[in-house]
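Here's a quick tour of one helix and the core it packs into. Have the structure open as you read.

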Amino acid sequence: FEDAPVNTGRVTGTTNFVETNPLPVTWPLLRRGRERFNIYCAPCHGALGDGNGINTKLGVMPAVANLQDKRIVEMADGEIFNTITLGKGLMGAHGPLVPVADRWAIVAYLRALQLSQLGSVDDLPPDQQKKLNR
């Protein structure tokens, strides 16, 4: 991974975040993302990303971001990658713990998780919508 956007989450030569994950979103990437999310993110953010992880339930963390929140859903993928890397607020930096490819895998899985919770039938391609309307 020599490409700057892959390593930084930012468009080369700017301070702008890349909008879309630079890695191809594949089943293996999503599986890896789910595995890494469950290890590094779910204890605080919960298995659904709703901010209700075990650390929150035990009162260890006073406030945890709900990753299903519109503000986070609308973030560029590069900004989420950056937050995983450097941390934000009470969240510590995971860059030293989680390799670059795994951080992008987590972003890909988070997007799938958000769709699973916030998506609608209208998000499906027309041919899939027709199959449901039978």
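## One face of α2

In this predicted model, α2 buries Leu 29, Leu 30, Gly 33, Arg 36 and Phe 37. These residues span an arc of only 130 degrees around the axis, so they sit on the same side of α2. That fits the usual helix pattern: with 3.6 residues a turn, residues three or four places apart point the same way.

Flip to the other side of α2 and you'll find Trp 27 and Pro 28 exposed. The cover over the buried residues of α2 includes α3 (42-45) and α7. As for length, the 14 residues of α2 should span 20 Å at 1.5 Å a residue, and the end C-alpha atoms are indeed 20 Å apart.

## Into the core

The largest nonpolar core has 24 residues, and Phe 37, Ile 80, Trp 104, Ile 106 and Val 107 touch the most other members. Two or more residues each come from α2 (27-40), α6 (77-86) and α7 (100-118). The largest share, nine residues, is from α7.

Leaving out residues up to four places away in sequence, Phe 37 has contacts that include Ala 42, Leu 67, Ile 106, Tyr 109, Leu 110 and Leu 113.

## A stacked pair

Searching the whole structure turns up two aromatic pairs. In one of them, Phe 81 and Trp 104 are stacked, 4.3 Å centre to centre with 10 degrees between the planes. Phe 81 belongs to helix α6 and Trp 104 to helix α7, so the pair ties together parts 23 residues apart in sequence.

Phe 81 counts as buried at 1% relative accessibility, and Trp 104 counts as buried at 0%.

How values were computed: Residues are numbered from 1 along each chain as its sequence is written. This is a predicted model: local features need pLDDT of at least 70, side-chain atom pairs count only at pLDDT 80 or more; totals for chains, interfaces and linings use all residues. Side-chain values use heavy atoms; hydrogens and water are left out. A nonpolar core is a set of buried Ala, Val, Leu, Ile, Met, Phe, Trp, Tyr and Cys residues joined through side-chain atoms within 4.5 Å. Buried means under 20% relative accessible area, exposed over 50%, partly exposed in between (1.4 Å probe, protein chains only). Helices (H or I, at least four residues) and strands (E, at least two) are DSSP runs, numbered from the N terminus. Contact means heavy atoms within 4.5 Å. The expected span of a helix is 1.5 Å times one less than its number of residues. The arc is that of the directions from the helix axis to the C-beta atoms. Rings of Phe, Tyr and Trp (its six-membered ring) pair if their centres lie within 6.5 Å; planes under 30 degrees apart count as stacked, over 60 as edge-to-face and the rest as tilted.
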